[in-house]
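Hi,

Here is the structure I said I would pass along. Have a look at it first, and then read on for what turned up.

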Amino acid sequence: MGTVRVGVVASFDFTRDDEIRRWLPEGVELAVRRTAESPADDNLTMVSALADPAYLTAPVRALCGTGVAAIAYACTACSFVGGEAGERALRNAMESCGAPRALTTSGAVVDALRSVGARRLAVVHPYAPAVGRRLHAYLTTHGFEITRITGFALTVDEVPDVQPDEVTDLIREGDTPTADAVFVSCTGLPTYEVIAPLEKELGKPVVTANQATMWALLRAVGAQALGPGQHLLANR
């Protein structure tokens with residue numbers, strides 16, 4: 001069996017290339033392309049701009065030129081800020097640009113949470129309150145009950161500096177006894193190293209944006225993401 005190539009379109013400010021590659025199994029290559037810069041006056045303005053399918057045209061076409069078998073738009077807020085219809089419009093636009101298979105982080109998150117049997121969620125995110133409200137609406141529209149949503153509003157410049165131990169503390173703070181899973185939103189946060197230890201500590205699945213994206217992207221091409229001890233991947 002030859003090498004399979006998958007693609008990720010990331011926002012212009014994405015810094016977690018090395019992290020998402022950690023989920024790749026042998027025999028799968030990842031190509032990453034970024035969007036053009038968008039207005040960044042505030043969190044809501046930026047993600048709303050990046051929810052415009054026009055931002056995907058150039059990077060998706062570039063990825064298709066590399067022979068990818070599937071493409072993910074790896075930006076959580078960009079793909080939930082427009083609601084269910086906005087997420088679907090992004091996938092349709094990617095397919096119109098030639099993507100053989102198209103998915104978004106927010107769509108992948110819904111599938112991942114359902115895969116682990118989650119119904120009641122504790123949600124942690126780094127967004128401004130206006131974006132956090134859109135996230136709450138997106139998840140409840142898909143049938144999830146939110147037991148707590150914890151926002152630790154960060155600027156665009158602050159997200160790349162967040163460390164795994166900080167994410168660990170935020171997940172502990174955001175969890176609730178009645179939640180049957182924790183969801184960590186934002187592809188800008190480092191989560192690979194914290195998932196398995198926290199699942200063992202909290203006794204429930206911890207699903208993160210980058211994890212769900214890579215799980216779904218690899219599943220789309222018949223491959224399995226690597227992540228020892230991560231509940232989602234054991235449930236494939």
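Keep in mind while you read that this is a predicted model. I'll start with an arginine: Arg120 has a relative accessibility of 33%, which counts as partly exposed. Its side chain meets that of Asp180 in a salt bridge, at 3.7 Å from N to O. Arg120 sits in strand S5 (residues 120-125) and Asp180 in the loop between helix H8 (164-174) and S7, so this pair ties together parts that are 60 residues apart in sequence. Asp180 counts as partly exposed as well, with 22% relative accessibility. That value is not far into the range, because buried means under 20%.

**Other salt bridges**

Side chains of opposite charge can pair when their charged atoms come close. How many salt bridges does a search of the whole structure find? The count is eight. Here are some of the others.

- Glu29 and Arg5 form one, with the closest N and O atoms 2.7 Å apart. The two come from distant parts of the chain: Glu29 belongs to strand S2 (residues 28-34) and Arg5 to strand S1 (residues 4-10), 24 residues apart. Glu29 is partly exposed at 37% relative accessibility, and Arg5 is partly exposed at 29%.
- Glu193 and Arg22 meet through their side chains at 3.2 Å, N to O. This link also spans distant parts of the chain, 171 residues apart, with Glu193 in helix H9 and Arg22 in the loop between helix H1 (17-21) and S2. Arg22 has a relative accessible area of 39%, so it is partly exposed.

**The four-stranded sheet**

S5, the strand that holds Arg120, is part of an open sheet of four strands. The order is S6-S5-S7-S8, and the pairing is parallel. At the edges are strand S6 (145-151) and strand S8 (206-208), each of which pairs on one side only. From one strand to the next, the twist averages 20°.

If you zoom in on S7 and S8, you'll see them pair in the parallel sense over three bridges. Phe183 is opposite Val207 of S8 there. Helix H10 (residues 209-219) lies across S7 and S8, and runs at about 80° to S8.

**The loop after S7**

Two residues in the loop between S7 and H9 caught my eye. Cys186 is one of them. What is the phi of Cys186? It is near 100°, a positive value in a residue other than glycine. Most residues other than glycine have a negative phi. Cys186 is buried, with a relative accessible area of 13%.

Thr187 is in that loop too, between strand S7 (181-184) and helix H9 (192-202). Is Thr187 buried or exposed? With a relative accessible area of 6%, Thr187 is buried. A polar atom of the Thr187 side chain lies 3.3 Å from the backbone oxygen of Ala74. Leaving aside residues up to four places away in sequence, Thr187 touches Phe14, Arg16, Ala74, Cys75, Thr76, Thr105, Ala209 and Asn210. So if you click on Thr187, look for Ala74 and Cys75 among the residues it touches.

**The cysteines**

Cys75 brings us to the disulfide, since a search of the whole structure finds one. Which cysteines does it join? It joins Cys75 to Cys78, with 2.1 Å from S to S. The link is right-handed, with 45° about the S-S bond. Both Cys75 and Cys78 are buried.

Cys64 is in no disulfide: the nearest cysteine sulfur, that of Cys97, is 7.6 Å away. Cys64 counts as partly exposed, at 25% relative accessibility. Cys186 is in no disulfide either, and for Cys186 the nearest cysteine sulfur is that of Cys75, 7.6 Å away. A disulfide needs sulfur atoms within 2.5 Å, so 7.6 Å does not qualify for Cys186.

If you want a place to begin, I'd open the view on Thr187, with its contact to Cys75, and go from there to the disulfide with Cys78.

Cheers

Notes: Residues are numbered from 1 along each chain as its sequence is written. This is a predicted model: local features need pLDDT of at least 70, side-chain atom pairs count only at pLDDT 80 or more; totals for chains, interfaces and linings use all residues. Side-chain values use heavy atoms; hydrogens and water are left out. Buried means under 20% relative accessible area, exposed over 50%, partly exposed in between (1.4 Å probe, protein chains only). A polar contact is a pair of N or O atoms within 3.5 Å; within protein, one must be able to donate a hydrogen and the other to accept it, and residues adjacent in sequence count only if both atoms are side-chain atoms. Contact means heavy atoms within 4.5 Å. Two strands pair if DSSP finds at least two bridges between them. Axes are lines fitted to C-alpha atoms, for helices over the stretch in contact, and angles run from 0 to 180 degrees between N-to-C directions. A salt bridge is a side-chain nitrogen of Lys or Arg within 4 Å of a carboxyl oxygen of Asp or Glu.
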